[in-house]
Amino acid sequence: MNSTMRLGVVGIVFFALLGLLTLRLWTMQIGEVEAYEERALSNQSRVVATPAPRGDIYDRNGVKLAGTRSALAVVVDLLLVEEEERELLARNLAAFLDTPASEILDQFANDSQGGRVTVAEDISEVDATLIVEHREEFPGVSVIPQPVRTYPEAELAAHVIGYIGRPNEEDLEREDVKPTDVVGKAGVERSYDALLRGSEGAIEYRVDAKRKVLSLAGETVPQAGGSLVLTLDSALQEQLQDSLRDGLVQARRLEMRERADSLVERSRSERIADALAEAQEAALARFDEATGSTTTTTTTAEPGQDDDDVPAPPEEVTVDPLTVLGSLYPGLPIDDDGICVPTQRVTVAEGESGVLSGIEPRFLKVESIDTLDDDLVATVRIGTDRYTVSDNDSFAGTLQVLVVTEDEVIVYHRDRWCPVRSVGVVLDPNDGSVLAMGSYPSYDPSVFVGGISQTDFASLGTASALQNFAVQGLYAPASTFKAVPYVLALEESYYPLDRGVGDKEVGDEAPAEEESPDSAADSSAADSEGSNGDSETTDAAEEAEEPQPLLSDTDEYSCSGEFKFRLSDGTVQTKRDWKWPQGHGPLDLHGALQASCDLYFWDMALRLWDERNDETGVDKENLLQEYSRSLGFGTATGIDLPFERDGLVPDRAWFREEQRAETGRVRPDGPWVGGDLMDIAVGQGAMLSTPLQLANGYAAMVNGGTVWQPRVVDQIVDTDGEVVDEYPRVPLQQVDLDPRTVRMLRQDLQQVVNNAERGTARAAFADFGPNVEIVGGKTGTGEVIKAPRTEAFRQVDNAFFVGVAPINSPDYVVSIVVERGGSGGRVAAPVARQVLQYLVNGPEGVTELAPGLDAD
Amino acid sequence: MAYTVQDRSPVFLDRDSPLRPDLTLVVAYLVLAAIGLLMVYSATAPGLSARGLDPTAELKEQAIFVVIGFIVFGVASSIDLMELKGFVGPIYAISIGLLLVVLTPLGDSEGIAQRWIDLGPIQFQPSEFAKLAVILMLASLLAGAAVPLTWQTTLRAVVFVAVPAFLIFSQPDLGTMLVFGFVLLVMLFVGGATLRQLGFLALVGVIGTVGLFQLNQIDEYQINRLTAFLDPASNELSLSYNQVQSEIAIGSGGLFGKGLFEGSQTNLQFVPVQASDFIFTAVGEQFGFVGGAIVIALFGVILFRLLVTARSARSRFSYLVVTGIAAMFAFHIFVNIGMTIRLMPVTGLPLPFMSSGGTVFVAMSAALGLAHSAWIRRNMTLAERPSEL
């Protein structure tokens with residue numbers, strides 16, 4: 001190879017390299033130019049969002065429930081502040097705004113707003129002027145108007161309106177939400193968030209490589225959000241909320257009075273003896289279970305029959321008087337008025353003592369907090385008792401540790417018997433409009449504006465004040481639900497068998513009671529799910545006449561107050577109408593509803609059960625469930641509010657699925673039995689409904705069969721007040737009800753309120769005033785807790801009332817629940833009475849709240 | 001070495017003059033220098049005026065060096081390489097000395113690397129001249145060696161390169177070191193090394209580089225530059241920020257570019273050190289593919305003229321010097337432009353005749369002048385033309 005050739009090779013290499021450069025240039029500048037242009041453009045602009053004012057919320061009469069005012073915010077543009085200047089600026093701002101400089105510096109460091117940090121919201125005009133006048137001390141600081149949410153009516157309709165806050169991760173998944181935005185968290189603020197927010201504007205600046213603003217490149221004006229006109233009537237809403245609050249306070253007072261009475265009635269020694277007996281029984285049951293013994297209960301097992309190889313109960317049964325008494329009524333939390341509160345948070349620092357309020361206050365002393373296996377464990381003392389506790393531990397009967405931190409202990413002091421809350425809905429049965437809705441305790445949405453403090457949020461959380469229990473609360477609707485089998489009876493001409501005063505033979509698939517005779521002394525499995533009655537087994541079968549089916553709604557049924565089953569082993573079990581154990585005597589369908597006779601509906605359920613088809617599990621077995629579902633039970637109504645619950649209409653398929661999945665919601669063994677269907681007929685068992693569903697179901701039954709989709713938003717208007725959209729009235733289902741059925745139901749509901757002999761709500765409505773004859777309703781008392789008897793001998797019930805007015809052409813359906821309030825007739829009916837008085841007789845017609853009679 | 005001064009026109013235009021310059025080369029050099037000045041101005045003016053400074057400050061400073069560079073080019077063109085050959089040893093020794101000075105406290109550091117000697121108002125970068133010294137030294141060695149080269153000669157050549165390369169590496173300047181490697185390979189190749197020797201050297205080079213990595217002898221920032229090149233998106237805002245921004249600037253230039261002073265990336269200073277290492281970015285953004293291709297073509301013209309000069313050189317020494325200089329230019333051009341369009345990692349090699357920076361322009365002009373001198377004197381002594389290898 002000569003030198004020329006070698007130079008040639010070098011030349012080829014050189015030009016190949018230059019060719020490579022040209023080729024790459026070509027692909028970039030000709031092939032991918034658009035992509036690069038885009039990147040170059042995005043490089044040079046900086047977009048600053050300008051928030052759009054949130055839409056207002058009005059009631060149906062134009063009362064403003066939520067609005068927006070313009071506040072002045074202090075914003076620092078970090079890009080205009082040199083790194084060295086920041087600390088000085090932070091100190092200047094800190095002195096001016098009264099916040100620690102370190103906090104402001106933290107905000108600078110954690111800037112997530114693209115260089116613009118809001119260091120103060122809502123400052124006064126004087127302060128704003130000062131900042132603007134001392135510009136040189138505040139480099140990069142500007143005062144800008146910022147829309148701030150206002151709730152002029154505070155707590156009014158809070159649960160419907162909801163509240164706003166910073167978006168969480170789930171909110172951020174929405175395309176139009178940025179971390180710095182404010183989004184609706186509950187109520188219509190949430191369900192109509194996108195509409196209320198409008199679209200934010202933007203100012204685009206041209207910037208250089210240091211992101212320094214060079215010029216204004218363009219501006220998009222923010223579009224204000226749409227405003228909502230609700231179906232609510234704020235005056236009615238106020239009445240409802242007042243009545244709910246007063247009703248709950250009254251229920252708590254009643255509870256306190258009963259406590260005082262029972263304290264007097266039962267001596268200390270009696271109660272200890274009771275507790276000891278219960279504990280012995282429980283120990284024996286455990287012992288039976290452990291040894292596999294078939295002895296039933298202490299009452300049936302004779303000592304002489306015990307074989308020698310059956311050992312004596314291994315444990316010496318003792319009860320600690322303190323857990324029985326010390327933790328009972330005198331020690332339960334009370335408020336400043338001496339009224340019980342369901343849950344009280346007590347925070348105690350290490351080495352300090354905190355007060356556990358109560359009729360007899362106690363002191364909780366946190367003696368020390370130590371670390372044990374990486375867990376924090378606190379040693380606390382109440383009186384002479386010492387407990388070692390960590391997170392979530394329950395102790396001293398009524399206390400539960402929320403959390404143990406390094407320097408303090410936070411405990412919940414619970415009172416499981418204190419009425420928890422009251423819930424109410426007023427619906428227009430003609431189109432599903434919600435006229436008023438809410439639960440108590442409630443909250444003022446304003447506390448969320450600009451961020452809520454940890455303590456405030458915690459106390460709202462402790463009381464579950466943020467949840468709208470009208471759509472989120474699930475309750476077994478109890479006797480209010482009897483209207484559904486009532487309608488079924490009339491529509492299908494289907495009535496119970498009259499057994500006279502005898503027992504009822506139940507086929508091979510006996511109620512669950514039979515399955516576990518050992519535990520009968522405690523409570524039957526079906527019972528513990530909340531069946532509406534006491535039950536017991538007896539050895540002897542009683543003679544009975546041949547049952548005769550009733551043929552019409554006016555045929556009379558003999559209500560003995562005792563409902564007896566013959567089980568397949570020949571024993572007979574008795575279920576009693578727990579509110580009316582003496583029996584109602586002979587009554588027809590109408591009387592059964594008016595007096596809320598459990599037995600009538602139990603027998604109806606049993607007849608349905610007997611006509612089931614075991615092969616397919618259908619036929620009459622599911623007829624009641626089908627009626628329930630067609631009236632809207634078991635499925636969320638689809639109201640325009642978030643977090644609505646479905647409720648539950650249990651049936652055999654559901655039961656099997658729960659058993660298979662071992663959810664623990666149903667008994668682990670045994671089939672779906674007639675007793676389960678009986679429970680449904682009286683709104684107990686696993687049956688669950690929201691207060692709204694209950695109101696909506698009644699609305700459909702009294703309006704002739706139209707199930708409307710409830711709604712809280714009527715119209716959407718723009719900033720000029722022009723209506724831009726109207727929320728449609730949506731019929732969900734049309735149930736073909738015989739006009740006679742509807743007429744009869746209205747009549748009987750009217751009788752519940754007006755019948756002086758047996759109407760369960762007559763006492764509550766006694767001082768209704770004029771027009772009481774156009775008001776109807778139904779009471780309900782739902783058993784929620786069968787508390788272990790070593791801790792309580794009190795029954796805790798949910799109180800229900802559903803009211804309808806005017807009865808012949810209903811415009812209002814009122815559904816009231818007082819959770820753990822007691823009986824429906826006594827506690828819930830008076831609340832509904834006030835609301836109905838307001839609706840029928842106007843604001844002046846509302847009379848003082850007073851407890852009604854204890855009636856189911 | 002007498003020649004007649006023509007009456008009618010200057011000597012360089014006289015077609016018959018034995019000293020007639022290589023007009024093509026000179027024009028390409030001047031045009032590139034002019035484009036370079038324009039680009040330096042367009043890349044620095046917005047930043048300077050934004051800071052309230054004279055927007056032409058950088059231009060003026062560079063212009064002074066360009067003028068100095070032109071003079072140096074002229075002077076170098078008049079130096080007979082054959083006369084210079086006698087001074088190769090001292091030149092080499094002096095440049096090694098200067099490299100050592102950089103490592104002393106006299107050296108001024110910019111960024112992490114220490115490459116400068118501070119001479120009061122003028123900063124001087126010895127490594128630029130070391131390149132030229134090494135080329136002269138290698139040419140001197142290889143010119144007198146038998147062809148094909150013995151292993152001994154090849155190894156001596158390696159040692160001559162290795163000493164300054166090691167010193168530069170300690171500064172540290174990976175780019176310049178690589179220039180040495182490339183120049184060495186090209187000069188050995190045209191100097192008559194066997195393919196086996198070249199292959200062996202290439203292998204040693206690769207193993208050596210890998211070894212340096214392994215022994216952590218390469219500073220972290222050098223590794224980062226190389227790895228950032230492989231995945232620029234991973235740290236867009238840090239290491240390869242320059243490269244990403246440069247790529248955006250050039251890519252968005254399109255066919256004809258955004259026009260002079262219209263480059264948004266350039267004007268808004270998205271590309272740091274744009275006037276020096278990333279000067280080609282300004283060309284690509286403002287004049288697009290057409291402008292970029294013209295600049296590359298001008299470099300092509302220079303490289304072509306240098307190879308033609310090498311072929312017609314009157315001595316083996318000149319032949320080797322010119323080829324070495326061409327190799328140096330070629331490597332600078334490819335690595336620098338390649339870096340701005342993310343074809344090569346960021347190494348900090350300037351673009352000849354265009355990048356701002358006094359030492360670079362003057363040194364490059366001197367190198368080009370020397371090669372040009374070989375062209376002017378190509379016919380002087382035919383006997384000394386390189387023999388067949």
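These are my notebook entries on cysteines, one glycine and chain B in a predicted model.

**Entry 1: disulfides**

I searched the whole structure for disulfides and found one over all chains. The bond runs between A:Cys340 and A:Cys418, with 2.2 Å from S to S. I then looked up where the two partners sit. A:Cys340 is in the loop between helix 12 (321-326) and strand 11 (343-349) of chain A, and A:Cys418 is in the loop between strand 18 (408-414) and strand 19 (421-427), so the disulfide ties together parts that are 78 residues apart in sequence.

I checked the handedness next. The torsion about the S-S bond of A:Cys340 and A:Cys418 is about 80°, so I noted the disulfide as right-handed. I also asked whether the two cysteines are buried or exposed. A:Cys340 is buried, and A:Cys418 is buried too.

**Entry 2: a cysteine pair without a bond**

I looked at A:Cys559 and asked which cysteine sulfur is closest to its own. That sulfur belongs to A:Cys597, at 3.4 Å. I did not log a disulfide here, because the cut-off is 2.5 Å between the sulfur atoms and 3.4 Å is too far for a bond. Starting from A:Cys597, I got A:Cys559 as the closest, again at 3.4 Å.

I read the accessibility of both. A:Cys559 has 5% relative accessibility and A:Cys597 has 0%. Both count as buried, because the limit for buried is under 20% relative accessible area.

**Entry 3: A:Gly638**

I located A:Gly638 in the loop between helix 19 (623-630) and helix 20 (652-661) of chain A. Its relative accessible area is 35%, and I put A:Gly638 down as partly exposed because that class lies between 20% and 50%.

I listed the contacts of A:Gly638, leaving out residues up to four places away in sequence. They are A:Glu644, A:Gln709 and A:Tyr727. I also took one C-alpha separation: A:Gly638 and A:Arg711 are 73 residues apart along the chain, and their C-alpha atoms are separated by 8.4 Å.

**Entry 4: chain B**

I turned to chain B for totals. How many helices and strands does chain B have? I count 14 helices and three strands. The chain has 389 residues, and 56% of them are buried.

For the contacts in chain B, I took those between residues at least 6 apart in sequence. Of these, 73% join residues at least 24 apart. Last, I noted the surface: chain B exposes about 15,700 Å², and carbon and sulfur atoms supply 66% of that area.

Conventions. Residues are numbered from 1 along each chain as its sequence is written. Chains are lettered from A and ligands numbered from 1 in the order in which they are written. This is a predicted model: local features need pLDDT of at least 70, side-chain atom pairs count only at pLDDT 80 or more; totals for chains, interfaces and linings use all residues. Side-chain values use heavy atoms; hydrogens and water are left out. Helices (H or I, at least four residues) and strands (E, at least two) are DSSP runs, numbered from the N terminus. Buried means under 20% relative accessible area, exposed over 50%, partly exposed in between (1.4 Å probe, protein chains only). Contact means heavy atoms within 4.5 Å. Accessible areas come from the Shrake-Rupley method with a 1.4 Å probe; for residues, only the protein chains shown count as cover.
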